[in-house]
Each structure stands twice: as C-alpha cells, then as structure tokens.
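Welcome! Here are a few short exercises to try with the model open beside you. Have a go at each one before reading its solution.

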Amino acid sequence: MKKIFKPIYLLFIAAILLNACSDDYVDVDSFDENSEDFFNTPQDYDDAVIAAYDLLQSTYLNVMIGEMASDNTLAGGENASDVPGFQQIDDMIHTPVNAQLQNIWQWMYAGVNRANYVLEFQDKIDFPEKAGLLAQTRFLRAYYYFELVKFFGDVPLAVDRRILFGDQFELDRTPAAQVYEQIENDLIAAIDDLSVTASQEGRITKGAAQALLGKVYLYQDKFALAADVLDDVINSGTYDLVADYSTIFENDNENNIESVFEVQYADLEGAGFGCLQCSEGNVAVGFNGIRNYEGPLFDSGFSFNVPTQEAYDAFEPGDVRRDVAILNIDEFAAANNATFNVGFEHTGFYNRKYIARKGDSNIGDQNLTNSNNYRAIRFADVLLMAAEAYNRGNLGDGIARTYLNRVRLRAGLSEVNSSGTALTDAIYQERRVELVGEGHRFFDLVRTGRAAQEIDGFIAGKHELFPIPLEEIVLAGNRWEQNPNY
C-alpha cells in the first residue's frame with residue numbers, strides 16, 4: 001500500500017493547546033492522564049506513532065508560507081481579501097492576529113503532543129520493534145519543534161509528557177538555543193535505532209534523521225558538525241540525484257532515490273474547509289493551482305503562491321529546471337488550447353512542482369485531496385547544505401564545489417570554479433533555483449542574514465521571526481512576551 005498515514009484521532013489530542021479542529025477553547029473536557037487501556041500491545045504503540053506522523057500532512061501550510069514570505073512568490077488568490085493571513089505575510093504586515101500562523105502553532109504542537117504521548121509511556125511494555133518506533137517518534141518531535149523554532153524562536157518546550165489543559169499557565173517560552181539542543185538530542189538518539197531503508201513507504205529512516213540533524217546544525221552555523229553528518233548521508237550510497245529532473249515531482253515518481261524524507265499524501269479520503277489539517281491530501285497543491293483552468297494535464301485551483309518574474313528570471317540560460325519548477329501559463333495555454341482566469345497578483349507563473357494534476361481521485365473537494373507527496377528533504381538539498389557547510393565553515397572549498405557541481409551538472413549547467421565569498425554566493429543562488437517552490441527560501445534568507453535586502457517590506461530586527469499568536473499569549477495568562485517589534 002502506497003500511503004501509511006490514516007488519521008488516528010486519540011483522546012489525548014483534545015487538550016486545549018492541541019485542539020486542531022476547533023476554536024472552542026473554553027469548554028474543554030478533562031481527561032485521565034493514565035493510559036491503563038492503551039500502550040499494552042506493540043500495535044498500540046504503532047498506532048500512536050502513526051498518529052504522530054499524521055500532523056506532517058498539515059505542514060503544507062509551512063511550505064506555502066516559506067515561499068510567500070520570501071521573494072519567490074506572491075500570495076495571489078482571487079482578490080486582495082482572499083485568505084487575509086496570506087496577503088499580510090506576503091506584504092510583511094502580519095500581526096499576532098493571523099489565522100495561518102495560529103494554525104501552524106496549533107498543528108505543530110499537536111504533533112509534538114502526539115509524539116510526547118508515546119514517549120511518556122515508552123517504558124510501559126517491551127517488544128522487539130519498540131526501539132525503532134521510539135526513534136521514529138523522536139524524529140517527529142524534533143521535526144515539529146524545528147518548525148516551531150524556525151517560525152517563532154523561543155517556544156514552550158515539553159519533553160516526554162503531554163501538554164494538558166492547565167499546563168499553559170505553567171509553561172514558559174524556552175530559549176531557542178535550548179529548543180535546538182533538544183532537537184539535536186532527539187535526532188542523535190534516533191539515528192542509531194533507525195533503519196537504513198524504510199520498512200514501509202514514508203517511514204523515517206536513518207538517512208532522514210542524519211539529514212535533518214545536518215540542517216539543524218546549519219541553521220545554527222555549526223558548520224563542522226553539519227558537514228560531518230551530511231557527509232554520512234552523501235557517502236552512505238543510499239541516495240543519489242534522479243537523472244531526469246523533470247520526473248522528480250510527478251505522482252508516479254514518489255519516494256525515489258533522491259527522496260531522503262517525504263511527507264506522504266493520499267487522495268483516498270475526502271476533506272473539507274472545516275478541518276484542512278484533517279485532509280489526507282496535499283492542500284497546497286489545490287491552493288497553488290490555476291484559477292478556473294480548462295485544458296490538458298492540470299486541474300483547476302485557487303491561484304495562490306504565484307512565482308514572481310524575479311524567481312523565473314533567476315535561472316541561467318539552458319537550466320533544465322526552470323520549466324519544471326515554474327509553469328509559464330500564458331505560453332502553456334497558447335500551445336495547448338487551454339483557458340484560465342487571471343487571479344489577484346497574476347504574474348503569469350505557477351508553482352509547477354506542486355500544482356493540481358489530472359488523474360487524482362479528488363474525493364470530496366478536489367482542491368484538498370491531491371496525492372502529491374511533499375519532498376521535504378531531497379538529496380540535492382543535502383548536497384547543497386553540505387557545500388554551504390564546507391564553504392562557510394572554511395573546511396574546504398574543493399569539496400564544496402564538488403557537491404555544488406553535482407547539482408549543477410544534473411541541471412545541464414557548467415561547473416563553478418569560484419572560491420570564498422563568490423562560491424558562497426553561487427551556493428546561495430543554486431539553493432534558490434534548485435529548491436524554488438519547496439518552502440525553504442524565506443528561512444534560507446533569514447538564517448544567512450540576507451532577508452532585509454531581498455524581501456520587500458522586511459524589517460530587520462522584527463521579521464526574522466513570526467509573532468506568537470495573540471490567542472496563545474492570552475491563553476497562557478498574558479505571561480509570555482511577544483517577539484520583538486510586534
């Protein structure tokens with residue numbers, strides 16, 4: 001079976017900070033903290049771990065905002081009032097009252113809590129597969145906390161225990177450095193107990209944990225540590241670049257040799273706007289789609305997250321990736337007798353990597369149940385992260401060039417021979433064009449100190465972080481300080 005992630009809604013998800021499907025925060029039932037009737041069999045543990053996987057599907061929103069907040073895309077949509085939270089983030093006028101940022105906070109903490117639930121009862125019984133399941137759980141907790149610290153900086157940190165109703169009055173925001181330390185510890189602990197190959201498609205592997213650890217190190221400028229662990233991934237022989245870049249993002253080429261970690265999606269169960277994170281489909285695909293499109297190959301969508309002319313022009317002449325990554329809708333429509341409507345902030349471009357394609361079952365709302373997996377960590381990303389670590393850490397520009405040029409040669413481009421800061425710039429540029437549309441651009445600009453010069457409206461000292469949702473501060477008794485300048 002292709003997909004493993006069927007929603008499993010366990011009672012522990014109903015805690016106040018984790019009620020991801022409702023805004024009824026006042027009327028919350030209390031729940032027993034014991035698990036007398038659960039975690040009694042290996043299947044109980046596996047079910048709970050799959051429940052922790054489930055929130056990965058909600059990270060479609062993180063990916064979209066990682067592009068919209070950058071210089072890669074505009075919010076788009078039907079008009080200037082279509083999803084105001086997107087429009088505000090795109091224009092860098094977002095505030096602590098933003099539905100999409102609120103969703104990211106709640107959904108990522110829902111993932112944390114599901115992982116913590118497993119680890120809270122990790123010692124209840126023993127069985128041969130437990131170490132591997134706990135390792136997967138630690139990766140998931142690290143992944144969710146990494147998303148939280150990327151977006152919000154200092155965040156409340158709970159380890160091996162659920163956040164229950166009432167805990168918000170005791171939990172304070174934890175310094176980001178301490179959150180990163182926990183993320184590192186989880187990934188280091190997970191690596192030894194994870195399999196090199198997944199027992200089931202979508203399960204976390206040793207390489208995925210190593211790659212995420214390398215990324216976490218890179219975000220903290222720990223270049224030597226990043227280079228070491230990313231080298232382990234590169235030299236493992238498990239992964240390679242797919243020879244034909246044009247095939248990577250097609251639905252029939254998921255979980256391929258370039259995929260280090262993929263978020264699994266399916267079109268087998270319907271979804272609705274009342275609970276977007278409940279969808280088993282990749283919601284971003286429908287949101288990215290062409291407005292009122294009629295024609296071959298693609299399905300219609302909502303025309304959000306539209307690439308800019310600047311992003312399109314960032315590709316060098318002859319780069320085979322441009323037309324795979326970015327769809328020039330005017331050229332395509334003229335060549336294929338297709339029609340479409342122009343949406344708000346129409347640029348003439350769409351994110352072709354994650355755009356609605358014909359052939360999905362589209363049960364329920366077709367824009368919410370697309371089955372296109374999110375390639376969360378690709379081998380090309382690993383090579384470019386390693387190149388950056390070697391170059392910026394003064395560990396060897398020769399190795400940095402080797403890794404960079406592997407990516408460039410696949411794209412049909414000539415090798416780079418530069419060193420020093422010129423090589424740094426070349427790596428940054430390669431990350432942009434290789435990974436455009438995949439949600440990394442905003443965070444790459446922030447972590448390398450280039451956001452203020454590249455993003456219109458970006459205010460240094462403010463927009464490096466998103467604001468803590470006001471509702472969360474109120475729920476915590478107004479004890480938490482807001483991020484600077486919001």
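**Exercise 1.** In this predicted model, is Gly-420 buried, partly exposed or exposed?

Solution. Start with the relative accessible area of Gly-420, which is 31%. Buried means under 20% and exposed means over 50%. The value lies in between, so Gly-420 counts as partly exposed.

Next, place the residue: Gly-420 belongs to helix H15 (residues 420-435). Then look at its surroundings. Setting aside neighbours within four places in sequence, Gly-420 touches Asn-391 and Asp-397. Finally, try a distance: from Gly-420 to Ala-142 there are 278 residues in sequence and 33 Å in space, C-alpha to C-alpha.

**Exercise 2.** Describe how helices H7 and H13 pack.

Solution. Two packed helices are described by the angle between their axes and the distance between the axes. For H7 (residues 206-219) and H13 (residues 379-392), the angle is about 35° and the axes are 10 Å apart. The crossing of H7 past H13 is left-handed. Now find the residues that meet: H7 brings Ala-211, Lys-215 and Leu-218, while H13 brings Val-382, Met-385, Glu-388 and Ala-389. Sorted by class, this contact has five nonpolar, two charged and no polar residues.

**Exercise 3.** In which sense do strands S4 and S10 pair, parallel or antiparallel?

Solution. S4 (residues 259-263) and S10 pair in the antiparallel sense, over four bridges. To see one of the pairings, find Phe-261, whose bridge partner in S10 is Ile-377. As a last step, check how covered S10 (residues 374-378) is: five of its five residues are buried.

Key:
Residues are numbered from 1 along each chain as its sequence is written. This is a predicted model: local features need pLDDT of at least 70, side-chain atom pairs count only at pLDDT 80 or more; totals for chains, interfaces and linings use all residues. Side-chain values use heavy atoms; hydrogens and water are left out. Axes are lines fitted to C-alpha atoms, for helices over the stretch in contact, and angles run from 0 to 180 degrees between N-to-C directions. Helices (H or I, at least four residues) and strands (E, at least two) are DSSP runs, numbered from the N terminus. A crossing is left-handed if the near helix is turned anticlockwise from the far one by less than a right angle, and right-handed if clockwise. Contact means heavy atoms within 4.5 Å. Ala, Val, Leu, Ile, Met, Phe, Trp, Tyr, Cys and Pro count as nonpolar, Asp, Glu, Lys and Arg as charged, and the others, Gly among them, as polar. Buried means under 20% relative accessible area, exposed over 50%, partly exposed in between (1.4 Å probe, protein chains only). Two strands pair if DSSP finds at least two bridges between them.
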